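Here are some notes to read alongside the model, point by point. Keep the viewer open and click along as you go.

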Amino acid sequence: MEATSPRTSLFGLSRAQMKEFLLGFDDRPFRAQQLMKWVYHEREYDVMEMTNLSKSFRSALAEVSEAELPSVLRQSTSGDGTTKWVVGTKDGGAVECVLIPDGRRNTLCISSQRGCSLDCAFCATGKQGFAGNLLVEDIVGQVVQAQTWLEGDPARGELTNIVFMGMGEPLMNFEAVMTATDIFMDDLAFGISKRRVTISTAGVVPRIYDMCGRTEASLAVSLHAPNDDLRSFLVPINKKYPVADLLEACRAYLGSLSDRRIVTFEYTLIDGVNDSNAIARDLAKLLRDFRCKVNLISFNPIALADFRRPSMENVRSFQRTLIDNGLMVTYRTTRGSDIDAACGQLVGQFADRTKRRDRYSAVQQPSM
């Protein structure tokens, strides 16, 4: 039997890509606008029900396209209101995304890879290994799922922020993340402000330069240490792209933006590792002349890392040192830890290509 070509997901196309895709059916550019409004504004996923399109156009399009929501394998809600979904991906695996409500603000933390190709010392995702990049429709589907759930109860409010801080290193899946970001900021789709779509990276320097002129999303960098020795221990990609190179790339990205923006430096505080006042002073010196904000996060315990959370006394002391040295500092309250939805705890379900998961599990097993 002749193999059937896979159908194109309408969730996987930016507006420009949608126009290109539709040229085979109708060369009028407004068709892409109509289609995106049906999918994202009307929540109509059956092409044959899009009644302002001609029947012949719908029939032809239905043969080669689909708009299927990701399957929800599991949903968990924390005592603090945080909701986590395990959602299926096109390859049969699963990733996790987390919705964090905070007053009138709803922030969705989404995944970009099945696992992570990096292996940061304090992150559960990296300990699970890596199975590959998500497709654009896998990424966008997480947001559609969350938005659909929010709309089920008006009291929940609207989706206001999207952050690529879930499973995976976003800039190692560059094209898919850029396309998804275009869709998030498009008024015909989600219409999220460029300041409220944040791409977080552990420091893939060449791709930060590639972001210049390609997107205007906000940038967050997982820094976690002010010097190369400590950062290379916590974030191994630092061995390839050291701190000085990383900061230079961040400056270049800020310079490419049309408005005066800042970079957010994420800093996970780990007891006895990177939470001393001396390290805080080094961090303040490093970032003294940088247009930035430091977001402090207490380490969230995971099974495969022998680290401890810092005391709140240490957290406050570290924060005060940074503030006294002129930095803008926030502290991210831990949310969703009771359902393993806090920062660094996401694991998902996928076949690990790297065998990293097996190696870590073997280390954890007691000798007989």
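1. Let's start with one residue: is Phe-184 buried or exposed? Phe-184 counts as buried, since its relative accessibility is 0%. For these labels, buried means under 20% relative accessible area, exposed means over 50%, and partly exposed is in between (1.4 Å probe, protein chains only).

2. A word on the ground rules. This is a predicted model, so local features need pLDDT of at least 70 and side-chain atom pairs count only at pLDDT 80 or more, while totals for chains, interfaces and linings use all residues. Residues are numbered from 1 along each chain as its sequence is written, and side-chain values use heavy atoms, with hydrogens and water left out.

3. Back to Phe-184, this time with its partners. Searching the whole structure turns up 10 aromatic pairs. One of them joins Phe-164 and Phe-184: the ring centres are 6.1 Å apart and the planes sit at 40 degrees, so this pair is tilted. The cut-offs are these: rings of Phe, Tyr and Trp (its six-membered ring) pair if their centres lie within 6.5 Å, and planes under 30 degrees apart count as stacked, over 60 as edge-to-face and the rest as tilted. Phe-164 belongs to strand β9 (residues 161-164) and Phe-184 to helix α6 (residues 174-185), so the pair ties together parts that are 20 residues apart in sequence. Helices (H or I, at least four residues) and strands (E, at least two) are DSSP runs, numbered from the N terminus. Both Phe-164 and Phe-184 are buried.

4. Phe-184 also pairs with Phe-190, and this pair is edge-to-face, with 5.7 Å centre to centre and 70 degrees between the planes. Phe-190 has 10% relative accessibility, so Phe-190 counts as buried. If you want to see the wider group, select Phe-11, Tyr-40, Tyr-45, Phe-164, Phe-184 and Phe-190, which form one aromatic cluster.

5. Now for the charges. How many salt bridges does a search of the whole structure find? The count is 12, where a salt bridge is a side-chain nitrogen of Lys or Arg within 4 Å of a carboxyl oxygen of Asp or Glu. Helix α6 comes up again here: Asp-182 bridges to Arg-214, with the closest N and O atoms 3.1 Å apart. Asp-182 lies in α6 and Arg-214 in the loop between α7 (205-211) and β11 (218-222), so the pair ties together parts that are 32 residues apart in sequence. Asp-182 is partly exposed at 26% relative accessibility, and Arg-214 is partly exposed at 29%.

6. Another bridge to look at is the one where the side chains of Lys-194 and Glu-216 meet, at 3.1 Å from N to O. Lys-194 is in the loop between α6 and β10 (197-201), and Glu-216 is in the loop between α7 and β11, so these two tie together parts that are 22 residues apart in sequence. Lys-194 is partly exposed, with a relative accessible area of 27%, and Glu-216 is partly exposed at 28%.

7. Asp-259 and Arg-261 make a salt bridge too, with their closest N and O atoms 3.2 Å apart. What is Arg-261 linked with in a network of salt bridges? The network consists of Arg-195, Asp-259 and Arg-261. Arg-261 counts as buried, at 4% relative accessibility.

8. On the surface, take a look at the negative patch made by Asp-228, Asp-229, Asp-245 and Glu-248. Patches are made of residues with over 30% relative accessible area and no salt bridge, with like charges joined within 9 Å and nonpolar side chains (Val, Leu, Ile, Met, Phe, Trp, Tyr) within 5 Å. Both α8 (228-234) and α9 (243-256) supply at least two residues of the patch. Glu-248 sits in α9 and is partly exposed, with a relative accessible area of 45%.

9. Lastly, two backbone spots. Most residues other than glycine have a negative phi. Arg-43, in the loop between α2 (30-41) and α3 (55-64), has a positive phi near 60 degrees. His-224, in the loop between β11 and α8, has a positive phi near 70 degrees. His-224 is also buried, with a relative accessible area of 3%.

Terms used
Accessible areas come from the Shrake-Rupley method with a 1.4 Å probe; for residues, only the protein chains shown count as cover. Lys and Arg count as positive and Asp and Glu as negative; His and the chain ends are not counted. The place of a charge is taken as NZ of Lys, CZ of Arg, CG of Asp or CD of Glu.
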